[in-house]
Amino acid sequence: MTDQAAPFRILPELSDRSRHFWTGGEVGELRILRCQDCGYYLHPPASICPKDRSRNVAPEAVSGRGTVATFTINHQRWMPDLEVPYVIALISLPEQPELRLTTNLVNCEPYEVHSGMAVQVLFEHRSDDQGEMWIPLFEPAQEA
Amino acid sequence: MPRNSVETTTAVTGIGQSDVGRRLGIDPLSLTLDACMEAIADAGLRVEDIDGLSTYPGPGSGGPGFNGANAYEVIDAMRLSVDWYDSGMETPGQLGSVMKAVMAINAGFATHVLCYRSVWEGSAQGTGGRQLGAAQATRASGFAQWTSPYGSLSAGNWIALYAQAHMDRYGTTSEQLGQIAVNARRNAALNPKAIYTDPMTLDDYLASRMITTPLRLFDCDAPCDGATAFVISRRDAAKDTASTPITIEAMGSALHDRAAWDQFSDLTRSVGSAAADQMWSRTDLTPQDVDLAELYDGFSILALLWLEAMRLVPFGEAGSFLEGGANIARDGILPLNTHGGQLSAGRLHGYGFFHEAVTQLRGEGGARQVTSTPTVAAVAAGGGNTCGCFLLSTREL
């Protein structure tokens, strides 16, 4: 997966609610909304903290480290341009229990992926008529 | 003394189903009307007696063939005069539409409610296989913006993540999961309307191609054309109907976990736990009373997870319960998906399970009738954040 041609992707709509997530990679940051009053992270983004119902939420950079909560190796070409197989994973972020996101696991053999595997974020630069975006992906963690 | 929920003031008085096939090439409204007219006739009612209508999903949702007929189309085609009607997709599973009928009757808005679900995904998808519609292939927004950019494009992908989590935590195996598919095929062979009836062995299952690990082709249901309909009646009005009323003992609609497929706090309990607990809280019956289970198998793992969510098997033990397949066979301790499920009898989308439960409770299953005389059936539909369940019985209350 180190080839230069980026794989086919349906790109996300950039909105005021989501833009931080898809553009933080420009400066190498994985950004997650966080309540500025109680410190609780929330994903997917919403304009209210589910813990204290504060409306004072803002994006913050997280460590970009995580572990594989579960995964699937997709073999089905749901769309003609999809290149298979690829790994879809739910990644648990260490900043908070049950803080989790869907992503792709890259730079590894699909059948070597396992739950509990330590991973780190990387970004894939894309652009369309909405502008530039940096899709957060994950890869096996390098030794700290 | 039975503790009667308000559900018990209603009963299933009629069931109907159109022809079912992989690709029938028939106008889906026509299929829908076939099912509806059969259900009304089965109840011994006249079209004029129907004063309510409820359906899933209504317009503007899903891929090609997902919606065979809108509520307005059926109301107008049949010239129904309804005191209450509804359609919609954000509801506790496909059978959420039946729950709403029960509620409308209890609220005094209707007496005999026609419920239906109609699909023509087989014809609409053609021979190109299950691919995404054009609308889904554009820029991702809503919930899909967090999954589609990663090629997590099908409910199969989302649900495979649950299956892997169950295998990782409990040691559930593909051989155990495969019994859901093998059992469904065995039952489908005795169902004249089933889509796939060729014998399937566990080896056949294991040899089927991988779709999204650990789910194989035979873990995925079969898109089809067909419609299913019920008449739900107020119990005191059911005295006039022709069929033996089947009592709606309890239903479960609760959603207590995240309303997002990839965010469940416990990925191994991603199906219907809150809804099932609510259902059991509304009846004096217990899981030990269940004689047969008709549990949603849009993907095989969903039926496994429903077995646990419905407390028919302890959490984490569905794999060993399924081992070898004897427990879930028609002569086993808990017959499962006796018509062949959606895996082999076609993706009638939730309504097929309810139809089969009523058929078995009436003793009208023909060659596939279970060998016991069932009096209580558990029915579940949906997965992820859209789950609902019913407990049906032959009890007269």
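Modeller: One term before we start: a residue is buried when its relative accessible area is under 20%. Also, this is a predicted model.

Biologist: Fine. How many disulfides are there over all chains?

Modeller: The count is zero over all chains. Take A:Cys35: its nearest cysteine sulfur belongs to A:Cys38 and is 3.7 Å away, and A:Cys35 is in no disulfide. The cut-off for a disulfide is 2.5 Å between the sulfur atoms.

Biologist: And what is the nearest cysteine sulfur to A:Cys49?

Modeller: That of A:Cys38, 3.7 Å away, and A:Cys49 is in no disulfide either.

Biologist: Is A:Cys49 buried or exposed?

Modeller: A:Cys49 has 0% relative accessibility, so it counts as buried. A:Cys35 has 2%, and therefore counts as buried too.

Biologist: Switching to the two chains. How many residues does each put into the contact?

Modeller: Chain A gives 41 residues and chain B gives 36 residues. The area buried between them is about 3,400 Å², with 56% of it from carbon and sulfur atoms.

Biologist: Which residues of chain A lose the most area to chain B?

Modeller: A:Ile10, A:Trp78 and A:Arg100, which together make up 23% of what that side buries.

Biologist: How many salt bridges are there between chain A and chain B?

Modeller: Two salt bridges. In one of them, the side chains of A:Asp128 and B:Arg139 meet at 3.1 Å, N to O. There are also 25 residue pairs in polar contact between the chains, counting pairs with both at pLDDT 80 or more.

Biologist: Which elements give two or more residues to that side of chain A?

Modeller: In chain A they are α1 (19-23), β4 (65-74), β5 (86-92), β6 (100-105) and β8 (131-140). β4(A) gives the most, with six residues.

Biologist: Now chain B. How many residues of β10(B) are buried?

Modeller: Eight of its eight, along residues 376-383.

Biologist: What does β10(B) pair with?

Modeller: β9(B), residues 292-295, pairs with β10(B) in the parallel sense over four bridges. There, B:Glu294 stands opposite B:Val379. β11(B), residues 386-393, runs antiparallel to β10(B) and is joined to it by eight bridges. On that side, B:Ala380 has B:Cys389 as its bridge partner.

Biologist: How many residues lie between β10(B) and β11(B)?

Modeller: Two residues, and the pair of strands forms a hairpin. B:Gly384 in the turn has a positive phi of about 60°.

Definitions and conventions:
Residues numbered from 1 in each chain as written. Chains lettered and ligands numbered in written order. Predicted model: local features only at pLDDT ≥ 70, side-chain atom pairs only at ≥ 80, totals over all residues. Heavy atoms only, no water. Buried < 20%, exposed > 50% of the residue type's maximum accessible area, 1.4 Å probe, protein only. Pairing = 2+ DSSP bridges. Contact = heavy atoms within 4.5 Å. Buried area = accessible area lost by both parts, 1.4 Å probe. Salt bridge = Lys/Arg side-chain N within 4 Å of Asp/Glu carboxyl O. Polar contact = N/O pair within 3.5 Å; in protein donor to acceptor, adjacent residues only side chain to side chain.
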